[in-house]
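User: I have a structure open and would like to learn how to read it. Could you walk me through a few features?

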Amino acid sequence: MIYLCFNKGKESFQMADQIKNRIISGTAYWANVVSPNTTFDPHRWEINVCNLSDETRAMVEEDGLDIKNKSDDRGDFVTIKRNLLRKDGGTNDAPKVVDADNSPMHNTLIGNGSLVNVKYRPYAWSYSNRNGVSADLMAVQVVDLVEHMADGDFDAVEGGYTSSEGSDIPFPTN
């Protein structure tokens with residue numbers, strides 16, 4: 001077995017080069033798995049897996065991944081991601097997204113609070129005199145979907161005010 005050694009702060013971790021894929025369960029927050037997050041560089045698919053069980057937390061720590069806690073609804077969480085572009089300039093495949101029956105979910109946005117299983121592969125990295133471990137996002141299984149609502153979308157309120165203007169907004173023509 002080949003070992004990769006790296007330093008992370010004062011602690012030293014050793015990871016097997018032949019790490020198997022891992023599957024963890026938790027609550028999804030800020031899931032960008034249908035399309036990559038292009039707000040910042042590098043563009044990437046990502047998901048925060050939150051409210052980690054003790055067993056999941058131990059597995060993630062064993063892999064050398066950073067566990068965060070912002071003292072909010074997410075509790076302890078880990079960010080799993082996959083960059084859109086590889087180091088060689090090629091494009092990575094999107095992570096697989098399936099429902100509880102393993103049927104593909106191509107265009108369904110995963111809302112905060114959805115229960116998910118996430119498949120990842122940990123890998124060691126080194127960049128600009130820094131070392132660490134990240135997790136390559138391979139697949140997401142949605143166990144219980146909380147539908148994502150786009151900004152400004154609301155459910156209809158029965159008996160509420162209804163505009164007589166409709167959805168056609170007249171614009172002046174020149």
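Analyst: We will go through confidence, a strand pair, the core and a helix.

Analyst: This is a predicted model, where local features need pLDDT of at least 70, side-chain atom pairs count only at pLDDT 80 or more, and totals for chains, interfaces and linings use all residues. Residues are numbered from 1 along each chain as its sequence is written, and side-chain values use heavy atoms, with hydrogens and water left out.

User: Where is confidence lowest and where is it highest in the protein chain?

Analyst: pLDDT is the predictor's confidence in each residue, from 0 to 100. The chain has a mean of 85, with 80% of its residues at 70 or more. Strand β4 (residues 44-50) is highest at 98, and strand β2 (residues 11-16) is lowest at a mean of 43. Helices (H or I, at least four residues) and strands (E, at least two) are DSSP runs, numbered from the N terminus. Over residues 1-17 the pLDDT is below 50. Where pLDDT is low, the predicted coordinates should not be read in detail.

User: How many bridges join β4 to β5?

Analyst: Two strands pair if DSSP finds at least two bridges between them. Here β4 and β5 run antiparallel, joined by seven bridges. Asparagine 48 stands opposite threonine 79 in β5, and their side chains make a polar contact of 2.6 Å (a pair of N or O atoms within 3.5 Å; within protein, one must be able to donate a hydrogen and the other to accept it, and residues adjacent in sequence count only if both atoms are side-chain atoms).

User: Which residues have the most contacts inside the largest nonpolar core?

Analyst: A nonpolar core is a set of buried Ala, Val, Leu, Ile, Met, Phe, Trp, Tyr and Cys residues joined through side-chain atoms within 4.5 Å. Buried means under 20% relative accessible area, exposed over 50%, partly exposed in between (1.4 Å probe, protein chains only). The largest core has 24 residues, and Ile47, Ile80, Val118 and Val140 have the most contacts inside it. Its largest share, five residues, comes from β8.

User: Why are the buried residues of α1 on the same side?

Analyst: An α-helix has 3.6 residues a turn, so residues three or four places apart point the same way. In α1 the buried residues are Thr56, Met59 and Val60. They cover an arc of only 95° around the axis, which puts them on the same side of α1; the arc is that of the directions from the helix axis to the C-beta atoms. On the other side, Asp54 and Glu62 are exposed.

Notes
Contact means heavy atoms within 4.5 Å.
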